[in-house]
Amino acid sequence: MSVSSRVVLITGAASGIGAAAARRLAGPGTTLILHTRRNAVALEEIAAGARATGAAAELVLGDLAQDSAVDALAEAVARHGRLDGLVACAGFANSAPFGTATAAELDAAHAAMPRAFFRLATACRAQIEEARGRVVAVSSFGAHRFRAAGHVFPVSGAAKAALEALAKSLAVQLAASGATVNCVVPGYVRKDEGAHASIDEEAFRRVVEAIPAGRLAEPAEVAGAIAFLLSPEAAYITGQSIHIDGGLTL
């Protein structure tokens, strides 16, 4: 994948890791297709910053749990005729335990994350293969870390685990074309100011005490790993889930 002429699609690009990835990847010769569910104002700011670096930016809004939003993204990719990078970042955490979480919440998490990824990767597969592109799915430690004294995420953890399984299956199917598929698995990441958090401030304090590195991750640190996996240097890395969690899952 040449960084001098590439098309990169980022879902969930209005805030957090997705926004940090957009900032990291923006530059001359790059076209960003940026998605958010409904935060149009924030996405416009991210797009303006990208354009200031010399990148082109196209915006798509919609709930990825709805087929129409996935179709709109696939149509945007088709207009450009190629897809060098797909960053599936859109998602959410749900810490409701068994007995509180509902089957409807489980269905919603799967619709918004693994099902949306499945449909989008299926729709864009030809463009990814032709470009020998890179796919990065953003998972979560909630699919890997289960402690009696910690937080568990039955609903969103299950959805992220399914996302990783789909990514590995896709990696096998695309490997012969030279395209790669990997996951990054963040730990606890600092939220944007005013952003919704699935646990309260006091719980976050206890979380930090459980992280060997002694701090939360910055979105830009996860974006750095994403940028590497999208780069030519990562051409021989595929089917991997790379933890970026300060030692949380050790």
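# A tour of the fold, core and cavity

Among contacts in the chain between residues at least 6 apart in sequence, 76% join residues at least 24 apart. Keep that in mind as you look around. This is a predicted model.

**Stop 1: the whole chain.** Show the chain as a cartoon. You should find seven helices and seven strands. Trace them from the N terminus: the order is β-α-β-α-β-α-β-α-β-α-β-α-α-β. Now show the C-alpha trace. Along its principal axes, the trace spans about 50 × 35 × 35 Å. The radius of gyration is 17 Å, which agrees with the value near 18 Å for a compact globule of 250 residues. Of those 250 residues, 50% count as buried.

**Stop 2: the largest nonpolar core.** Which residues have the most contacts inside the largest nonpolar core? Select Ile10, Leu32, Leu34, Val184 and Ile226. The core has 35 residues. Next, colour the elements that give two or more residues to this core: strand 1 (6-11), helix 1, strand 2 (30-36), helix 2 (40-52), strand 5 and helix 7. Helix 1 provides the largest share, six residues. Apart from this core lies another, of 31 residues. To find that one, select Ala116, Cys124, Leu174 and Val181, which are among its members. In general, nonpolar side chains tend to be buried together in soluble globular proteins.

**Stop 3: Ile10.** Zoom in on Ile10. Leave aside residues up to four places away in sequence. Ile10 then touches Gly18, Ala21, Ala22, Leu25, Leu32, Ile33, Leu34, His35 and Val87.

**Stop 4: helix 7.** Select residues 219-229, which form helix 7. Which of its residues are buried? They are Pro219, Val222, Ala223, Gly224, Ile226, Ala227 and Leu229. An α-helix has 3.6 residues a turn, so residues three or four places apart point the same way. Now show what the buried residues of helix 7 pack against: helix 1 (16-25), strand 4 (85-88), strand 5 (134-138), strand 6 (180-186) and strand 7 (241-244).

**Stop 5: the cavity.** The structure holds one cavity of 30 Å³ or more. About 90 Å³ of space lies in the largest cavity. To find the spot, select Thr11, Ala88, Ala90, Met113 and Phe117, the lining residues nearest its centre. The lining has 14 residues: twelve nonpolar, one polar and one charged. Which helix gives the most to this lining? Helix 4 does, with six residues. Finish by showing helix 4 (103-131) beside helix 5 (154-174): each supplies at least two residues of the lining.

Technical notes. Residues numbered from 1 in each chain as written. Predicted model: local features only at pLDDT ≥ 70, side-chain atom pairs only at ≥ 80, totals over all residues. Heavy atoms only, no water. 1 Å grid on protein atoms, 1.4 Å probe; cavity = no way out; pocket = protein on both sides within 12 Å on 5 of 7 lines; lining within 4 Å. Points joined across faces, edges and corners; volume = space filled by probe spheres on them. Helix = DSSP H or I, 4+ residues; strand = E, 2+ residues; numbered from the N terminus. Nonpolar A, V, L, I, M, F, W, Y, C, P; charged D, E, K, R; others polar. Buried < 20%, exposed > 50% of the residue type's maximum accessible area, 1.4 Å probe, protein only. Contact = heavy atoms within 4.5 Å. Core = buried A, V, L, I, M, F, W, Y, C linked by side-chain atoms within 4.5 Å. Rg over C-alpha atoms; globule rule 2.2 N^0.38 Å.
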